[in-house]
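Thanks for making the time this morning. I would like to walk you through one model, region by region, and I will begin with a question once you have it in front of you.

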Amino acid sequence: MINNKTKIRNILLIGNAGKGKSTLANVLTGTNEFEESTDPINGTSKTKAKEFEHEKIKYRIIDTVGIGISIQSTEEILNKLKGITDILSEGINRILFLTNGRFTKEEVEAFNLLRNVIFDDRVTDYTTIVFTNFAKFKDEKACEKNRQGFQQEIGKISMPLASTAIIYVDNPPIIGFMEPVARISREASREVLLNHLRTCQEVYQPEPLKKFRKMLDEFNSIIKDTIEAVENVDLYYKTNITYLGEFITTRRVIIENIEERLEEVRKYMGNRFKSSVVSHSTLLIGKGLSISGIWFPPLMVPGLALSTIGFVSAATTDISAILKENEAYKSFEESLAKDKEKCENLEILQEELRNLINKFKDIRPRFVISEYRKQNIDRNKIEVIENVMNQILGEEIEPDVDLNNNEKTKYSTSQETVRAVVEGICKLAPSPLSFYCMYRDHKETKNRDSLSDMETTIKDFREGLKVLEEKQQQLNELYETIKRCKEKIAKLT
Ligand SMILES: Nc1nc2c(ncn2[C@@H]2O[C@H](COP(=O)(O)OP(=O)(O)OP(=O)(O)O)[C@@H](O)[C@H]2O)c(=O)[nH]1
Ligand SMILES: [Mg+2]
């Protein structure tokens, strides 16, 4: 436990505007740092604290905005005490409630509100009513007379206030001819005040302020976590958008590539058909001549020669077309692999974004049940956080992108090569197979598996691209929302 003697004593000045709080703060601290107003409208606009030491006791004088009267709500009180709630929750040694002349009903009501909201029933034990502007403050009899009169009066409206300590001071403005007198009077007032404060050793830690402190800490940690989450979401959104952009560009290039390969394969297949017609016809004629050689031997040799030429050129055409097709297909498959890799990376990024958004889901219940929100302490802050939570957790933020990567391909080059070899051998035997092959080659120019694979992929990728572009647009719009959230929340700290 901290020794009360070494701990700074917090002295809180409250009271109606123009009652002399700032003046009293100057008198106590022996400075000129608190602005003494000359009219009630342009009084102190911000709470201010100043420390000083007297007879080895450290004091902190806290001058406030006129919170003495016309306070409507908790929020208003807390707004007026902005910046000193931290100090107050450390504990207060004395509350000096400044007044002069008559103590109005409004002042009593304001005091009661303070007691209910930030203090508690014990507040009167720690409060001293300070009558300023009391020229006869050195006259003990005059003071006592006033004290009794006041206690009687106040007892009619507020019993607890009737039992508070009362002291009298006079701190005239230091101007004009009266300056030396004013200084003397202020010096005497200071003595009265310090004699009184010296006795105020006990620290008052009102329950509401303790709770308020806890509530403040809790809410500040919610703000901190929200800021962190928003910053992370912002970062990942940016990364996602950039990556999605790259992905779309790459996919466009891939589609173009596949289209080129498709054209190539079509060309090879067309060429294959043309040379197939020539070579199979040669093979057929050769075969015819060879068969005729059985009856007319001179035809045998040219027949065999033509068959061989026909066979060799048919086989060469088939194999070179298959090789070229193979090459084109390989490049198509490479494109698919590249696209797949990009898809996987995007999926990882999306997963991370989803996790980050889930983090918000953890913060939200904390925010919903927070006392700060329930008591509507600072409407602006609450609204900002609420807004940010709603926007980021709202239905509209769905990071998922339907990736549509077609990785299933049917075509197999090894099967094709085996088929070409078997067919080549069969073609040597006299049969109508050559006619069939010519017919098939013609058909395959249009209907090969490799071609349909590529066509399907192009179609799927194009459709996927449309979805991706829509998503990109959507993400860009959402990113604007996140940016706005970030700006709003940054203003809270
Ligand atoms: N004669 C005399 N004048 C005083 C005394 N206390 C304050 N005044 C004068 O009253 C006016 C208002 O004093 P402030 O100290 O500014 O009053 P305040 O309570 O801080 O007012 P707000 O900041 O508006 O809440 C100034 O002109 C002071 O010089 C006093 O004890 N005696
Ligand atoms: Mg003031």
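Is K56 buried or exposed? Before I answer, please keep in mind that what you are looking at is a predicted model, and that every value I mention is computed from it. K56 is exposed, with a relative accessible area of 74%, and the residue lies in the loop between β2 and β3. Its backbone deserves a look as well, since phi of K56 is near 65 degrees, a positive value in a residue other than glycine.

The neighbouring position in that loop can be read alongside it. E55 is also placed in the loop between β2 and β3, and phi of E55 is near 50 degrees, again a positive value in a residue that is not glycine. The side chain of E55 forms a salt bridge with R198, where the closest N and O atoms are 2.9 Å apart. That pair links distant parts of the chain, given that E55 sits in the loop between β2 and β3 (57–63) while R198 belongs to helix α7 (residues 179–198), 143 residues apart. As for R198 itself, a relative accessibility of 31% makes it count as partly exposed.

Let me stay with charged pairs for a moment. Side chains of opposite charge can pair when their charged atoms come close. How many salt bridges does the count come to? The count is 24 salt bridges, and I will pick out a few of them. The side chains of E51 and R60 meet in one, with an N to O distance of 3.2 Å. The two partners are covered to unlike degrees: E51 is partly exposed, at a relative accessible area of 47%, whereas R60 is buried, at 12%. Elsewhere, R147 forms a salt bridge with E140, the closest N and O atoms being 3.8 Å apart, and E140, E144 and R147 are linked in a network of salt bridges. R147 is buried, with a relative accessible area of 17%, so the value falls under the 20% cut-off for that class.

Now to the ligands, beginning with the metal. Which residues are the protein donors of the magnesium ion, ligand 2? They are S22, through OG, and T44, through OG1, lying 2.0 Å from the ion. This pair links distant parts of the chain, with S22 in helix α1 (residues 21–29) and T44 in the loop between α1 and β2 (48–54), 22 residues apart. I would be cautious in reading the coordination as it stands, because water is not among the atoms and sites may therefore look incomplete. S22 counts as buried at 8% relative accessibility, while T44 is partly exposed, with a relative accessible area of 24%.

T44 brings us to ligand 1, which is surrounded by 20 residues, the closest being T23, S37, T44, D170 and N171. Several individual distances are worth following on the model. A backbone N or O atom of G18 lies 2.8 Å from an oxygen atom of ligand 1, and a backbone N or O atom of K19 lies 3.2 Å from an oxygen atom of the ligand. With D170 the side chain is involved, one of its N or O atoms being 2.7 Å from a nitrogen atom of ligand 1. Taken alone, ligand 1 exposes 650 Å², and the protein buries 88% of that.

Let me move further along the chain, to the loop between α8 (207–292) and α9 (300–369), where I294 lies. I294 counts as exposed at 59% relative accessibility, and together I291, I294, W295 and F296 form a nonpolar patch on the surface, with about 490 Å² of accessible area. L299 is placed in the loop between α8 and α9 too, and counts as partly exposed at 25%. The C-alpha atoms of L299 and G288, eleven residues apart along the chain, are separated by 9.4 Å.

My last stop is L475, in helix α14 (residues 449–490). L475 is buried, with a relative accessible area of 3%, and its C-alpha atom is separated by 6.8 Å from that of I241, although the two residues are 234 residues apart along the chain.

Definitions and conventions: Residues numbered from 1 in each chain as written. Chains lettered and ligands numbered in written order. Predicted model: local features only at pLDDT ≥ 70, side-chain atom pairs only at ≥ 80, totals over all residues. Heavy atoms only, no water. Donors = N, O, S within 2.8 Å, 3.2 Å for Na, K, Ca; no water. Helix = DSSP H or I, 4+ residues; strand = E, 2+ residues; numbered from the N terminus. Buried < 20%, exposed > 50% of the residue type's maximum accessible area, 1.4 Å probe, protein only. Patch = residues over 30% accessible without salt bridge, like charges linked within 9 Å, V, L, I, M, F, W, Y side chains within 5 Å. Areas by Shrake-Rupley, 256 points an atom, 1.4 Å probe, with all protein chains shown as cover. Salt bridge = Lys/Arg side-chain N within 4 Å of Asp/Glu carboxyl O. Near = heavy atom within 4 Å. Polar contact = N/O pair within 3.5 Å; in protein donor to acceptor, adjacent residues only side chain to side chain.
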